[in-house]
Amino acid sequence: MSTNGKTVNVTIDGKQVTVPAGTNIIEAARHVNTEVPHYCYHPRLSVVGNCRICLVEIEGWPKLQIGCNTNVSDGMTVFTASDKVREAREGVMELLLINHPLDCTICDQAGECKLQDYAVDHGTGLTRFAFDKQKKPKNVSWGDKVVFDAERCILCTRCVRFLDELCGTDEIGIDFRGEKVSLIVRDDGQLTSPYQMNIIDLCPVGALTSRDFRFKSRVWFMQFANTLCTGCARGCNVVAGAREERLLRMVPRFNAQVNDHWMCDEGRLNYTFVNDEDRLVAPRVNGKDVPYDDALARAAAILQKAKEGGGGAADIAVLGCASPFMTNEELFSFAGLLDALGVTERRFAIPMGEGDDMLLHPEKAPNARGARLFGFQDAPVDAERDWDVVVHFAARDGGGLPDDLNAKSRIVFSLQVDKNADVNFPLTTSFEKDGTVISAGDRLQRVSKALTFAPSHLTERVVLDRLRGLIEDGYQGTDTAALALARIAQEHAAFEGLTWTGIGLQGVSLQLAEAEVGA
Amino acid sequence: MTRETRVMLEYADDPAQKTLEGYRENGGYQALEKALREMSPDQVTAEVETSGLRGRGGAGFPTGRKWRFVPKTDKPKYLAVNADESEPGTCKDRQIMERDPHQLIEGSLLSCYAFGAKTAYIYVRGEYPHSIKALEDAIDEARAANLLGDKILGTDFCCDVWVHPGAGAYICGEETALLTSLEGNRGYPRIRPPFPAVEGLWHCPTIVNNVETIACVTHIIKRGGEWFSKLGCEGSTGTRLFCVSGHVKRPGVYEFECGKFTLRELIEGFCGGTLSGRPLKGVMPGGSSMPVLRADELDVTFDIESVQKAGSSLGSGAIMVFDDSVGAVGAAVNIAEFYSHESCGQCTPCREGSDWVRRMLLQFAAQDARDGDLDLLMDVTDKMDGTTICALAEALVWPVQSFVRKFRSEFEAAVRESAVGTATQ
C-alpha cells in the first residue's frame, strides 16, 4: 500500500472520517468504530474476496462492492447497513449456514465463533434449507497439533494463504469443486510448519481446532490475561486463558512492534509446566514445609551471618544467581538485597536454543536483558571455589549452577522441591505474577497474572524485600509490581518517566546502551 | 432476407486454407506485412477502434478500448486468447481454429504488436484435440517461415504464440480463471480490480480476447476499420459467428451481419423452423447462460442492443432452439445441473447457492415441491445475483429465473401436482 502520505475524506454511515489513501472500506470503517463483517479478509493476508459477507453499498455504484477489495476514494459515501446491504448479508449468512453442521454444542469455537456472532448480528435466525446437508470428512488429523473438520469449514482460505504467503510452506490445498470443495494437506497430510497453530486462530469458525486445547473448556468459563509468552526473548504478546487456576492455552495478541498477529507453536505449547502437580507450593526449611515467617527467619539468619562476615569478601563467599525468567522488579529487589549484603558475585545463565528469521529467538528466556541491566553477569560460576552461601533462582532447567557446586548454605527459589536447599521458596511462573521484562529489541513489556498460585503464596519479590527488611533496618519494600516499577524508574535512567500504565499492553522501546544489556 | 456474409469463414470450406501456403494464396499474412511495415502500434489500435469491434466471448466489450487500458510500463505484456469454448451450445471458435488457424495466429501477432506484447498464449479447452493439433501445426509452419519468433519478416518485431490446453473446467473460460490456470494454479477467478489489462498474467498487463475477436482483427487490418464498421449495424459492427443448435431443421455455425434480420426470420426462415414441425417454444439466443426468449418474443432485430432490450443477450453467439416438447422445469434443471457442477466453489453464494437451486429444481421436476418453494427459488437466486466474484452464478441465475418468469405455469403445476401438498393451512 503506497499512500505517499495522502489522505482521503470519506463518509461511512453518515460519519465523516479522514484516512490514508489506499485504505480499504473494512479498515476505514474501523476508524468510525463500525465493524464491516468479514471472514476471508485478514490485514496480513492477500485479499481474495471469497466469503462475500463484507458487501457494502457505495453511493453512485450500481452493484454492492466487497469492503475488503474496495479502497476508499476522496468523497466516497459508503453505507454498511443499508437495506440493500442487510438483505445481501442475510443471503450470504443463510448460504454459509445451509451446509454447516450447526454443532455448536460440541464445537470448541463456540463462544468465539464468527459464524455464531454474525448469525446473531446479520442473520435471520431461520433456515429455509430443506435438504440433507453435505457430508464431508470430520475429525481429520493434520498432525499432532491441528484437527480439521471439513463440514464446519467455510472455505475462507485464510489457513491456505497463511502457510503459503507468510510461512512459505504452502501446505494446504483445495480439493474438489463447487459444493464438494474441501481442504487437503499435501504429501502425507501432516502439517510441518513450526507456526502452523496460527491457522487455528485465523480460522474464523470451528473447522480448525487445537489438539492441545480441544474439549478442555468452554471459553466463557475461562479467565483471560493480556500477557507475554516467555518461551524466548521475543516476548510475543499473548492472551493466556485459565480456568480454575489451571492454564489452558495461549493465543497471540496483536502487537505490530513485536509479533504482529502471530506466535510460534513452540511458545504456544510452552505452558504445561505451570500446571505440574509436583510444584513446590510452600516454603521448606531442611526438607520440611514451614510457614513463610519461619523460612524468612532462617534465610535471614544465613544472610545475616554472611553480611557480618563481609558478604562477597574472601573470607565468606556469597553467590547471587539470578535467572533470566525473573521480572525486572524481582531482579531489582534481588540486586537490592545483594547490595545490602555487599555481594559482588552475581551471575545468571541463558538457556539457548534454535532461532529463526520469523519470531523464534535463540535465547529461550524472556529477560536476559533485564538481568544484565540489573547487574548480573552472563558468565560461568567459579565451580572450583567453596561457596559459603548461594542464593539461587532456579530456572526451569535448573539453570545456571553446576551440579557439583560446593556450597555450605543454599537459599533456593524453585518450581519443584530442591533437596539440597537449606531454605527452599516456591518459584512462580510468569503467568502467576505481574511484572515487566525487556524483550528482544530492548522493548519493555508487561507480564500479567493469569491465574493465582497457591493461596497464601508470597511472590518472590515480596520474599526478597522482606529478607532485605530483616537484615537492613528500616527497609520497606513495595506492595505491587507497579509500585516497584515506580521505584526502578527513580533509580535507573533507562526507566525514567516510565509507569505501569504508561507501558500499557503493547510495551515501549527502551533506549539502552549496549554495555548495559549486552548483545 | 437472412443470408450469410462470410469474412472469417470465407475460405473455411477449402481444405488447403489450413496450410500456410493455402492461407497465403488467399491473402494471408498481408495484414501483418502491412502493419509491421506501414503502421505504428497505435495506428493498429486506432484501426480496431474505428472498426467498432466488440468482444465476441459474451460480454461485448469494445476491443480497442480494452487495449487502451494497457498501462505504459516496462513490465512484459501478454495476450491470452480465450479458446476455452465451453459454453453449452457454443462451437464457433473451433471452426476458426480447425479450418483457418492462421487467421487467429495473424490476429494474435497484430494484437500483440498493437499493445506491445511479445508473447501470446492460446488457451484451448482440453476437449478440443483437433483444434490444438491444427493450431500447433500452423504455429510450426509460421515459425519456420519467420512469421513468429525473432525479427518477424525482417522487422524489429519479435513475438511468439503458444498453445496451452485446458484440463476440462468450464470456469477456466472465465478470463481471470483462465489466467490463474495459465499460471499453473487451480482455475479460480480473481477479484477485480485489478483488471487483467492492468495486472493479469504474473502481475503483468494482459489482454484476454476471444478467438473470434482476434480473428476479426486480422480482417480489420487487412481491409480497414472503416470497411468493418460498415458491415452489420451500429453497436454490432462486422460479421459474427452464430452456432444454431437444438430443434431446428438446419443447425450449424453461420456467419451473419447483425441488425439485418429478426430472430424469428433466422430460425423460421434461414434455419427452416423446428425439425419436428411442432410449434416453437423458446430460444436461448446467447448460450445457456442467457435468459430464454419465448416464441412470441422473437420478432426482435438480431443485434447486441436490440436483444438486450428484449431482456436477453447475444452472449457467445450460441442460439439454442426448443420446440414445445421441452418442459421448462426440465430445461431449468439441466442448466442448474451444469452450472452447479462447474461452480469452482470459491465464493459462498455460488458454491452453496448453485447446488441448493439445483436441488430445489429437482424437487419441481419430481413434482415434490411445496407452496412457497417457487418464491424461495426466486429469492435464493436473487441473492446469488451480483454478489459473487465472477459471472458464473449469474450464468445459472439468469436463465433459471427467465424460465420461471416466462413459463411460470409449468412450475406452478409442479407444485399443484405435488404429492407433498401444502405444509401449513
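Okay, so let's start with strands E11 and E12 of chain A: six bridges join them, and they run antiparallel. Strand E12 covers residues 237-243. If you want one pair to look for on screen, take Gln223(A), whose bridge partner in E12(A) is Ala242(A). Keep in mind that this is a predicted model.

Now zoom out a little. Those two strands belong to an open sheet of three, in the order E11-E12-E13 of chain A, with antiparallel pairing. Who stands at the edges? That would be E11, residues 223-228, and E13, residues 246-252; each has a single partner strand, so one side of each has no neighbour in the sheet. From one strand to the next, the twist averages 30 degrees. As a general reminder, strands of a sheet pair through backbone hydrogen bonds, either parallel or antiparallel.

What about chain A as a whole? There are 13 helices and 23 strands in chain A, and its C-alpha trace spans about 90 × 50 × 40 Å along the principal axes. The chain has 519 residues, and 59% of them count as buried. Looking at contacts between residues at least 6 apart in sequence, 63% join residues at least 24 apart. Chain A exposes about 21900 Å², with carbon and sulfur atoms supplying 49% of that. On charges, we have 56 positive and 72 negative ones in chain A, and their mean positions are 4 Å apart.

One residue to click on in chain A is Gly355(A), in the loop between strand E17 (345-347) and helix H9 (368-373). Buried or exposed, or something in between? Gly355(A) counts as partly exposed, because its relative accessibility is 40%, and the partly exposed range runs from 20% to 50%. Leaving out residues up to four places away in sequence, Gly355(A) touches Leu360(A), His361(A) and Pro362(A). Val251(A) is 104 residues from Gly355(A) in sequence, and their C-alphas are 20 Å apart.

Right, over to chain B. Here we've got an open sheet of four strands, E3-E2-E1-E4, and the pairing is parallel. Strands E3 (160-165) and E4 (206-210) of chain B are the edge strands; with a single partner each, they're left with one side lacking a neighbour in the sheet. The twist in this sheet averages 20 degrees from strand to strand. Strand E1, residues 78-83 of chain B, pairs with E4(B) over five bridges, in the parallel sense, and Leu79(B) stands opposite Ile207(B) in E4(B).

Which helices go with that sheet? Helix H6 of chain B, residues 101-115, lies across E1, E2, E3 and E4 of chain B, at about 145 degrees to E1(B). Helix H9 of chain B, residues 211-223, packs on the sheet too, touching E1 and E4, and its direction makes about 95 degrees with that of E4(B).

Further along chain B there's a hairpin: E7(B) and E8(B), with five residues between them. They pair antiparallel over six bridges, and Thr239(B) has Glu257(B) as its bridge partner in E8(B). Strand E8 of chain B, residues 252-257, is mostly covered, with five of its six residues buried.

Last stop, Ser316(B), in the loop between helix H12 (304-309) and strand E11 (318-323) of chain B. Ser316(B) has a relative accessible area of 8%, so this one is buried. Not counting residues up to four places away in sequence, Ser316(B) touches a set of residues including Arg56(B), Glu87(B), Lys92(B) and Arg240(B). That's it from me!

Definitions and conventions:
Residues are numbered from 1 along each chain as its sequence is written. Chains are lettered from A and ligands numbered from 1 in the order in which they are written. This is a predicted model: local features need pLDDT of at least 70, side-chain atom pairs count only at pLDDT 80 or more; totals for chains, interfaces and linings use all residues. Side-chain values use heavy atoms; hydrogens and water are left out. Buried means under 20% relative accessible area, exposed over 50%, partly exposed in between (1.4 Å probe, protein chains only). Contact means heavy atoms within 4.5 Å. Accessible areas come from the Shrake-Rupley method with a 1.4 Å probe; for residues, only the protein chains shown count as cover. Lys and Arg count as positive and Asp and Glu as negative; His and the chain ends are not counted. The place of a charge is taken as NZ of Lys, CZ of Arg, CG of Asp or CD of Glu. Two strands pair if DSSP finds at least two bridges between them. Axes are lines fitted to C-alpha atoms, for helices over the stretch in contact, and angles run from 0 to 180 degrees between N-to-C directions.
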